[in-house]
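Work through the exercises below with the model open. Try each task before you read its solution.

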Amino acid sequence: MKIVAVCGMGIGTSVLLKMNAEKALRAMGVDADVEAADIGTARGAARTADVVLTSDELAPEIGEVPAKVIVIKNFTDVNEITEALQSSIA
Amino acid sequence: MSLADQLPEGTIATKAVAKDWREAIRLAGDGLVAGGVATEQYTTEMIEAVEKHGPYIVVAPGFALAHSRPSPAVLGTGISWVGLAEPVAFGSAANDPVTLVVGLAAQDHDSHLAVMSSLAGVLADENVLRELIAAETPEQVRARLAELETE
């Protein structure tokens, strides 16, 4: 499974999201690659991904992609990320 | 890596006063300049990032991670810390208002990963975060962060 964490610049918030998504996936026992991407490269990355994690503000900029786009409100809340991933990949 | 070590003299502001989100980001930018990791131009770039993409940098309740991308305005990799006396609105539907702004400058996509990992650890604990935001002085912030590393 491939997951892309998207933010505007690809170095800050998406990295935070990637780290916490990896924590969530480890706890769930799911084997997945999580990649951080900026909004400019996200559309390309999302084409080969299964899941895209991003914020409410950026979700519309990603547009139509085959991947499932999940909006995360609190990037530091591993529980929220776990629940969001569980409902989408189960 | 200790987050306290990443916040040298001049990079922490406590009980800071900002009238809006631009001022709050500017204070975070001042901290990055004081830490020698960015020029004032980077502060402008951080503000432009929000103007362009919206307040997505407000990634947790009350917390904004101010940053832009690697650019000539970035001199090194580092962070700054701004605890606000009064929260300010960034326009984030999910996480307004903001009381803590951490500024981030990174020269590339990898050099800041250790510091981001430490930061994620601190942000995960709401009680710790509340204590850190309530700190009266930079020394208190640094001392609490140093304590966390040894816990």
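## Exercise 1: The enclosed space

Task: find how many cavities of 30 Å³ or more there are, and what lines the largest cavity.

Solution. Step 1: the count is one cavity of 30 Å³ or more. On a 1 Å grid over the protein atoms alone, a cavity is a set of points where a 1.4 Å probe fits but cannot get out. Grid points are joined across faces, edges and corners, and a volume is the space filled by probe spheres set on the points.

Step 2: the largest cavity holds about 80 Å³ of space. It is lined by 13 residues, and those closest to its centre are E57(A), K73(A), V58(B), A94(B) and N95(B). Lining residues have an atom within 4 Å of a point.

Step 3: sort the lining by class. It has seven nonpolar, three polar and three charged residues. Ala, Val, Leu, Ile, Met, Phe, Trp, Tyr, Cys and Pro count as nonpolar, Asp, Glu, Lys and Arg as charged, and the others, Gly among them, as polar.

A note on conventions: this is a predicted model, in which local features need pLDDT of at least 70 and side-chain atom pairs count only at pLDDT 80 or more, while totals for chains, interfaces and linings use all residues. Residues are numbered from 1 along each chain as its sequence is written, chains are lettered from A and ligands numbered from 1 in the order in which they are written, and side-chain values use heavy atoms, with hydrogens and water left out.

## Exercise 2: The open space

Task: describe the largest pocket and state which element gives the most to its lining.

Solution. Step 1: the largest pocket contains about 320 Å³ of space. A pocket is an open set with protein on both sides within 12 Å along at least five of seven lines.

Step 2: 15 residues line the largest pocket, and N74(A), P61(B), L123(B), E126(B) and L129(B) are the closest to its centre. Two or more lining residues come from each of α4 (78-89) of chain A and α4 (126-134) of chain B. Helices (H or I, at least four residues) and strands (E, at least two) are DSSP runs, numbered from the N terminus.

Step 3: α4(B) gives the most, with four residues. By class, the lining of the largest pocket has seven nonpolar, five polar and three charged residues.

## Exercise 3: The interface

Task: state what area chain A and chain B bury between them, and which residues of chain A supply the most.

Solution. Step 1: the contact (heavy atoms within 4.5 Å) takes 22 residues from chain A and 29 residues from chain B.

Step 2: the two chains bury about 2100 Å², 68% of it on carbon and sulfur atoms. Buried area is the accessible area (1.4 Å probe) lost on putting two parts together, summed over both. M9(A), I11(A) and E57(A) supply 33% of the area that chain A buries against chain B, more than any other three residues.

Step 3: count salt bridges between chain A and chain B. There are zero. A salt bridge is a side-chain nitrogen of Lys or Arg within 4 Å of a carboxyl oxygen of Asp or Glu.

## Exercise 4: Two backbone details

Task: locate the cis peptide bond and the positive phi.

Solution. Step 1: D96(B) and P97(B) are joined by a cis peptide bond, with omega about -15°. P97(B) sits in the loop between β4 (78-88) and β5 (98-105) of chain B.

Step 2: K15(B) is not a glycine, yet has a positive phi of about 50°. K15(B) lies in strand β1 (residues 12-16) of chain B.
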